[in-house]
Amino acid sequence: MAHIIVVGNEKGGAGKSTVSMHVATALARLGHRVGALDLDLRQKTFGRYAENRATFLAKSALALPSAAYIDLPEPDPATLKEGENPYDQRLSAAIALLDPVSDFIVIDCPGSHTRLSQVAHSLADTLITPLNDSFIDFDLLAHVDGDGKKILGPSVYSEMVWSARQLRAQAGLKPIDWIVVRNRLGAQQMVNKEKMGRALDNLAKRIGFRVAPGFNERVIFRELFPRGLTLLDLKDIGVKQLNISNVAARQELRDLVKALNLPGVEAKF
């Protein structure tokens, strides 16, 4: 049975698709069979990333390790049971296609609350929540007081994850391993960065997630998107000498994959 990795956050612009593409490609490069799904049926950034990659590799006659991306199958109305949500069937059909041929399935969720996202979270063995290092984004997880020190209570996304955990418990499945990834960390030890760190550590103990460092803001991610490439592909396309920023970004990815603690995975790239 494939290990399901869900990348979720109900706020846009947190770096979900960038994380999804890099984690999926890293796992493929490590020799694992990886399936990929994009549940943002309108924007499909992860899906476009995968399509761009397939097009570029075909034109360049390159064979680089890649995740097997598929679109959600359209449901057959005749097969829907009374009261059944068609989106549930589309997701279960996609997973049924990928599960026999995958070690991991990476699912990128939209930056909003949808039925598909809700169901995907309940299927997650590993949940990755990219979070910009800002109290604006932190508010999605929990409400804090004016000083950013006292947590007043969980917010909408944390409550949704809690519901997903309850559904998994009722089904007798293993608990979700939830990792909150701090993206766009400032290079300096600013006051806001320190406050965010304390708030996340405090909240992690209360609602049960792990904190891991993510990606800093880098132009390279935007430059690679049209070709569907990742930081791990640069040498394969003729980049002989990586600059300092690219080397640092590769290390960030290595640290992230290691922090995920996925079964049978060693971050050796």
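Tyr157, Trp178 and Phe209 form one aromatic cluster, and this grouping opens a briefing on a model that is predicted. The count of aromatic pairs comes to six, and two of them are described below together with a charge placed over a ring, two helix packings and two loop residues.

**Aromatic pairs**

- Phe46 and Tyr69 form an edge-to-face aromatic pair, with 6.3 Å from centre to centre and 75° between the planes.
- This pair links distant parts of the chain, since Phe46 belongs to helix 2 (residues 45-60) while Tyr69 belongs to strand 3 (residues 68-69), and the two are 23 residues apart.
- Phe46 is buried, and Tyr69 is buried as well.
- The rings of Phe135 and Phe138 have centres 5.7 Å apart and planes at 70°, and because planes over 60 degrees apart count as edge-to-face, this pair is edge-to-face.
- Phe135 and Phe138 both lie in helix 5 (residues 135-138), where they are three residues apart, or about one turn of the helix.
- Phe138 has a relative accessible area of 0%, and it is therefore buried, given that buried means under 20%.

**A charge over a ring**

- Arg227 lies over the face of Phe56, at 5.9 Å from the ring centre.

**Helix 1 and helix 2**

- Helix 1 (residues 16-29) packs with helix 2 at an angle of about 45°, and the axes of the two are 9 Å apart.
- That angle makes helix 1 oblique to helix 2, because it falls neither under 35 degrees, which would be roughly parallel, nor within 65 to 115, which would be roughly perpendicular.
- In passing helix 2, helix 1 makes a right-handed crossing.
- On the side of helix 1, the residues that meet helix 2 are Ser17, Ser20, Met21, His22, Ala24 and Thr25, and their counterparts in helix 2 are Thr45, Phe46, Tyr49, Ala50 and Arg53.
- Phe46 thus appears both in this helix contact and in the aromatic pair with Tyr69.

**Helix 4 and helix 6**

- Helix 4 (residues 115-123) and helix 6 pack with their axes 8 Å apart, at an angle of about 55°.
- Helix 4 is accordingly oblique to helix 6, and it passes helix 6 in a right-handed crossing.
- Helix 4 contributes Ser117, Gln118, His121, Ser122 and Leu123, which meet Tyr157, Met160, Val161, Ala164, Leu167 and Arg168 in helix 6.
- Tyr157, which is among the helix 6 residues in this contact, is also a member of the aromatic cluster with Trp178 and Phe209.

**Two loop residues**

- Ser155 is found in the loop between strand 7 (151-154) and helix 6 (156-170).
- Ser155 counts as buried because its relative accessibility is 6%, and the limit for that class is under 20%.
- Leaving aside residues up to four places away in sequence, Ser155 touches Asp139, Leu140, Leu141, Ala142 and His143.
- Leu185 is found in the loop between strand 8 (177-183) and helix 7 (191-207).
- Leu185 has a relative accessible area of 21%, so it is partly exposed, as buried would require under 20% and exposed over 50%.
- Leu185 and Asn132 are 53 residues apart in sequence, yet 7.6 Å apart in space from C-alpha to C-alpha.
- Leu185 touches Asp133, Lys193, Pro213, Phe215 and Asn216, again not counting residues up to four places away in sequence.

Conventions: Residues are numbered from 1 along each chain as its sequence is written. This is a predicted model: local features need pLDDT of at least 70, side-chain atom pairs count only at pLDDT 80 or more; totals for chains, interfaces and linings use all residues. Side-chain values use heavy atoms; hydrogens and water are left out. Rings of Phe, Tyr and Trp (its six-membered ring) pair if their centres lie within 6.5 Å; planes under 30 degrees apart count as stacked, over 60 as edge-to-face and the rest as tilted. Helices (H or I, at least four residues) and strands (E, at least two) are DSSP runs, numbered from the N terminus. Buried means under 20% relative accessible area, exposed over 50%, partly exposed in between (1.4 Å probe, protein chains only). A charge sits over a ring if NZ of Lys or CZ of Arg is within 6 Å of the ring centre and within 35 degrees of the ring normal. Axes are lines fitted to C-alpha atoms, for helices over the stretch in contact, and angles run from 0 to 180 degrees between N-to-C directions. Angles under 35 degrees count as roughly parallel, over 145 as roughly antiparallel, 65 to 115 as roughly perpendicular and the rest as oblique. A crossing is left-handed if the near helix is turned anticlockwise from the far one by less than a right angle, and right-handed if clockwise. Contact means heavy atoms within 4.5 Å.
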